[in-house]
Amino acid sequence: MSKIHELSPELTNQIAAGEVIERPASVVKELCENSLDAGSSRIRIDFIDAGLKQITVQDNGSGIAKDQLDLAFTRHATSKIATERDLFNISTLGFRGEALASIAAVSHVEVITSSDNLGGVRAIFVGSEKKLQEDAASPKGTKISVSDLFFNTPARLKYLRSERTEILKIVDIVNRLALGHPDVAFTLTNNGKILLKTNGRNDLRQDIANIYGRQLAEKMEVLKGTSPDFKITGLLSDPNTTRSNRNFISLLLNGRYIKNYRLTQAIIAGYGSKLRPRRYPIAVVNIELDPLLVDVNVHPTKQEVRLSKEQELERLLTTSISEALDQTSQINSGLNNLLTPKKSTNIDQLKFNLNKDVVDTVRPVEFIPQVEADKSAEVHETAASFVSLDKVRNDDKYVITASWDENVDKQVRLSPFDEEKDIQGKDDSLISSGDEILANNLPELIYLGQTKSYLVARHNEDLYLIDQIAAYRRLAYDQIFHDLNSENISQQGLLSPLILDFSNVDYLKLKENLNNLQELGIFLEDFGQNSLILRTYLIWLQPDVEKNVRMILDLYLNQNEQDFTKLKAQIAGEITMRQSTRRRNLNPVEAQELLKDLRNSSDPYQDFEGKIIIIQLSENDLNKMFKKDE
């Protein structure tokens with residue numbers, strides 16, 4: 001066993017920094033939380049090259065006294081707790097006394113601070129070691145510049161994502177802090193360009209407008225709820241305004257952004273059946289409670305907390321959200337469908353084997369000998385009852401026949417392709433393998449008639465039932481998917497250009513990928529102020545062009561990988577679901593045309609969701625139903 005020794009202060013500081021400082025966004029979070037705890041009303045964050053080159057956070061808070069500057073950069077030194085009792089009554093965002101020491105351990109730090117307007121101090125720290133301290137002119141507050149992050153721990157750099165991803169993480173952190181503190185004016189810039197600016201007027205709706213867009217903020221509903229232990233306030237989107245992930249749900253506990261799966265599920269449960277499957281609301285929920293009921297000391301980043309009376313808080317959240325939506329929402333809950341009596345029908349439902357991959361190999365029976373039943377109970381077996389497999393038979397009812405060898409020899413000598421066609425390299429009569437399979441599996445049907453929901457057709461003596469709605473959905477899906485994959489996507493101009501507002505995070509993503517969006521048929525232009533402008537649209541985005549465009553952009557933003565084929569399939573499915581298709585009486589010409597189009601579709605047997613389109617009743621099946629085989 002190696003000899004035990006004490007780690008050096010430099011190494012322990014770097015280890016501690018690994019728990020607190022994971023990426024540039026962690027630096028921004030810790031410095032902003034310190035600024036908030038210092039009572040700042042204005043905080044400005046500037047960063048260069050995703051924060052790896054430089055991060056600067058400046059505030060107008062209480063500042064750091066000159067004689068306490070060294071202590072501020074010492075591990076486990078803090079002004080926010082003093083006794084064990086304080087650990088259970090924490091009302092500040094930062095309290096561990098690790099942030100500044102951890103940041104200084106892995107970067108170059110310059111701090112200029114003043115606790116009054118008379119004079120200040122400037123100091124420089126490199127790898128936890130103070131290199132300089134001098135008097136400097138400074139207004140009241142603190143300005144900390146962090147540069148060359150992870151310069152002495154280069155191994156950390158390989159765990160960072162792309163520059164764009166790191167920028168988005170910084171923006172997301174500042175967004176959450178701004179939503180939790182609408183009374184503080186935040187300014188965030190990247191390479192001198194403003195990404196976020198709030199006014200600090202304690203107007204949550206205005207802050208949401210700055211972050212997520214004015215159109216969304218105007219439609220959000222007010223949330224209020226109280227109990228003896230909790231007070232809930234915030235804003236909620238209506239059930240029609242949703243996103244495809246939970247990232248737009250902000251849970252704030254006494255102004256601190258937290259992650260809590262159970263509370264997030266309670267928020268979603270408050271919407272009940274008003275939400276579509278796999279859709280999530282946009283919500284900013286601030287929960288005020290006694291600090292004694294929460295333990296924020298369970299994780300270095302302080303985003304995970306332990307709550308007392310968590311079940312009570314879940315019930316309050318669900319109830320308050322449900323009441324807030326019921327007062328204003330005009331959407332009928334799915335629960336009403338359970339209370340409304342439906343037309344009941346007593347129809348015998350028959351189940352058939354609908355697997356198109358199963359091939360019917362039964363040969364038609366040309367002759368069925370009438371064997372007279374033996375009246376005696378005895379079974380007499382003789383040698384004549386058995387057939388020798390080695391004996392060649394002259395009829396074709398057995399595998400081994402007199403012509404077997406001759407047929408095999410002819411088959412072996414056949415060329416797989418006609419020589420003349422092979423030399424020419426093409427043949428107009430040839431079709432693709434996929435079309436050939438579908439043509440062989442689904443024969444050409446002849447329309448017979450129509451019930452309320454189904455078309456009736458036949459081929460030879462077989463009967464076919466076709467779900468009209470499912471058939472139209474298959475054709476609509478194929479058309480949209482084909483349009484998305486065509487090189488020239490036809491566009492229709494808007495009479496008035498459509499201006500779309502986005503959150504600053506989504507705006508940055510979309511702005512950098514405008515060319516990729518054109519492959520999806522969405523031609524957007526930068527309009528500034530977190531807005532993009534749309535001048536043309538795909539015809540099948542009607543009738544609600546804006547809603548469908550936002551749906552496509554939402555799918556694009558939340559894809560895990562750049563798989564455009566999968567994304568186009570998702571878009572085609574979503575658009576098809578949103579198109580209203582009603583059952584109607586078709587004339588014979590329309591019905592026959594539908595059957596023809598279905599036969600030429602990508603999959604005539606099921607729609608894009610896997611729902612059955614067509615079932616077959618063979619002559620043999622019908623005979624069995626009418627017991628004609630008995």
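## Surroundings of Q54, two cores and a helix pair

Leaving aside its neighbours within four places in sequence, Q54 is in contact (heavy atoms within 4.5 Å) with D46, F47, I48, S145, V146 and S147. The model is predicted, with local features needing pLDDT of at least 70 and side-chain atom pairs counting only at pLDDT 80 or more, while totals for chains, interfaces and linings use all residues. Residues are numbered from 1 along each chain as its sequence is written, and side-chain values use heavy atoms, with hydrogens and water left out.

Q54 belongs to strand β2, which covers residues 54–59; helices (H or I, at least four residues) and strands (E, at least two) are DSSP runs numbered from the N terminus. With a relative accessible area of 28%, Q54 is partly exposed, a class that lies between buried (under 20%) and exposed (over 50%), using a 1.4 Å probe and protein chains only. Although Q54 and V146 are 92 residues apart in sequence, their C-alpha atoms are 5.5 Å apart in space.

V146 also appears in the largest nonpolar core (buried Ala, Val, Leu, Ile, Met, Phe, Trp, Tyr and Cys residues joined through side-chain atoms within 4.5 Å), where I45, F73, V146, F186, L188 and I208 touch the most other members among its 62 residues. Helix α5 gives the most to this core, nine residues. Not counting residues up to four places away in sequence, I45 touches V28, C32, T56, V57, V174, F186, T187, L188 and T189. Another core, of 33 residues, lies apart from the largest one and has I489, L520, L538 and V545 among its members.

Helix α5 also packs against helix α15: their axes (lines fitted to C-alpha atoms over the stretch in contact, with angles from 0 to 180 degrees between N-to-C directions) come within 9 Å and cross at roughly 160°. Because of this angle, α5 is roughly antiparallel to α15, a term for angles over 145 degrees. The residues making the contact are listed here.

| Helix | Span | Residues in the contact |
|---|---|---|
| α5 | residues 163–180 | R164, I167, L168, V171, D172, N175 |
| α15 | residues 504–511 | N504, V505, L508, K509 |

These contact residues divide into five nonpolar, two polar and three charged.

Taken as a whole, the protein chain has 20 helices and 24 strands, and buried residues make up 42% of its 630 residues. Among contacts in the chain with a separation of 6 or more, 68% come from residues 24 or more positions apart.

Conventions
Angles under 35 degrees count as roughly parallel, over 145 as roughly antiparallel, 65 to 115 as roughly perpendicular and the rest as oblique. Ala, Val, Leu, Ile, Met, Phe, Trp, Tyr, Cys and Pro count as nonpolar, Asp, Glu, Lys and Arg as charged, and the others, Gly among them, as polar.
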